[in-house]
Amino acid sequence: MLQVKLIVTGDDFGYCPRRNQGIVDCFLAGAVSNVSLLVNGSAAADAAELARRYNIPIGLHANLSEGSPVCEVLKTNSSLLNQDGFFHGKMGFRTALSKGLLNMSEVKQELKAQVELFHELTGHLPPHMDGHQHVHVLPEVRHIFAEVLEEYGIKYTRVPIEPGLHKCDWIPPSLMEFYLGVEEDSFNTVDVFTSHGIRFSLILIPNPQDVTYFSNHLVSINISVPSSGYRWPDIYIGLTTMGKNMSVSNIRSAIDSAITEFMSKAPSPTEPTPQSRTITIELMVHPGYPSVPPVGGCGEGPDDFSQSWERLHELQTLTNPELQSHYKTRGIQLCSFKDL
């Protein structure tokens, strides 16, 4: 019998008190089952305390693109910083990387410092670690990220390859271009992660030779590596259901379509048939009560994303009883990474 385990991860925990409270409210309502902490967020300590108080499963949202580093020696005169002394930003980081301006040893220093600070704040190492604004799958960075996962024994990560992305004609071209870049970077990360013993489960992915493919070009792959290695969920969802594009019907459709495609794949000789195994899905979300300046952020104050009405929209959608009812009807079990 098919079992579906859904990890609903609230990203950006620690960004500001209002985002924290919104994520906690979602968790208490059974709408979020896992959180990802920004340790350089202005309310990171508060977030860690809330996680302890309410027993919220928590991992690390590694940040190299927004705000200030946590590694003391990198807070001045570092390749990771712009002329104002902050990280380069979502697109600025990518530009600096493409120009060869970033020192990878400094990337590793900062990632390790964030793991250590996470441990200091929570009392334990992160069971999962992903990247803020998907920086962890970028060229060069992906190698360093995998090394850090391996060094600290962090078992779970995120690979943002989303089934059905190319069918979403409601996504603006500029945003779709960014998403396709994330997707291509993610595909190119697979071999890197597996070379470090990170487990690659079955997943639907696009043909890497043509990032302009549509649904009829879907392929599937299976890489056999030791089951004791690191891993990520079978299916990732979150780009197509973010912000104003989030609705009960969109989430329901994204999950159901991904499960249907997953079950239609021909199993390898070493894998159980899709109908007899457990499918794991991560749904990335960004709920909360919108930030109110000047409170919040990671050193520069809150950005437009965190101040947007879309954060509240996500909160209201995720806590909609209709969505909770759908999970129960489909036999979908909400869980965290530590439950896998």
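Biologist: What makes the meeting of the Arg252 and Glu322 side chains a salt bridge?

Modeller: In this predicted model, the N to O distance between the side chains of Arg252 and Glu322 is 3.3 Å. The rule asks for a side-chain nitrogen of Lys or Arg within 4 Å of a carboxyl oxygen of Asp or Glu, so the pair of Arg252 and Glu322 qualifies as a salt bridge. Arg252 belongs to helix α7 (residues 248-263) and Glu322 to helix α10 (residues 321-330), and the pair links distant parts of the chain, 70 residues apart.

Biologist: Why is Arg252 called partly exposed?

Modeller: Buried requires under 20% relative accessible area and exposed requires over 50%. Arg252 has a value of 26%, so Arg252 is partly exposed. Glu322 has a relative accessible area of 43% and is therefore also partly exposed.

Biologist: How do you know that Asp185 forms a salt bridge with Arg142?

Modeller: The closest N and O atoms of Asp185 and Arg142 are 3.8 Å apart. The limit is within 4 Å, so the pair of Asp185 and Arg142 counts as a salt bridge. Asp185 lies in helix α6 and Arg142 in helix α5, so this pair ties together parts that are 43 residues apart in sequence.

Biologist: Are Asp185 and Arg142 buried or exposed, and what makes them so?

Modeller: Asp185 has a relative accessible area of 16%, and Arg142 has one of 7%. The cut-off for buried is under 20%, so Asp185 is buried, and Arg142 is buried by that cut-off too.

Biologist: Why are α5 and α6 called oblique to each other?

Modeller: The two helices pack at an angle of about 45 degrees, with their axes 10 Å apart. Angles under 35 degrees would be roughly parallel and 65 to 115 roughly perpendicular; α5 and α6 fit neither class and are therefore oblique. The crossing of α5 past α6 is right-handed. Arg142, His143, Phe145 and Ala146 of α5 make the contact with Asp185, Asn188, Thr189, Val192 and Phe193 of α6. By class, this contact has 4 nonpolar, 3 polar and 2 charged residues.

Biologist: What makes Arg158 and Asp11 a salt-bridged pair?

Modeller: Their side chains meet at 3.0 Å, N to O, and the rule accepts pairs within 4 Å, so Arg158 and Asp11 form a salt bridge. Arg158 sits in the loop between α5 (141-152) and α6 (173-195), whereas Asp11 is in strand β1 (residues 3-13), 147 residues apart. Both Arg158 and Asp11 are buried.

Biologist: Which residues are linked with Arg158 in a network of salt bridges?

Modeller: The network links Arg158 with Asp11, Asp130 and Glu282.

Conventions:
Residues numbered from 1 in each chain as written. Predicted model: local features only at pLDDT ≥ 70, side-chain atom pairs only at ≥ 80, totals over all residues. Heavy atoms only, no water. Helix = DSSP H or I, 4+ residues; strand = E, 2+ residues; numbered from the N terminus. Buried < 20%, exposed > 50% of the residue type's maximum accessible area, 1.4 Å probe, protein only. Axes fitted to C-alpha atoms, helices over the stretch in contact; angles between N-to-C directions. Parallel < 35°, antiparallel > 145°, perpendicular 65-115°, else oblique. Left-handed = near helix turned anticlockwise from the far one by under 90°. Contact = heavy atoms within 4.5 Å. Nonpolar A, V, L, I, M, F, W, Y, C, P; charged D, E, K, R; others polar.
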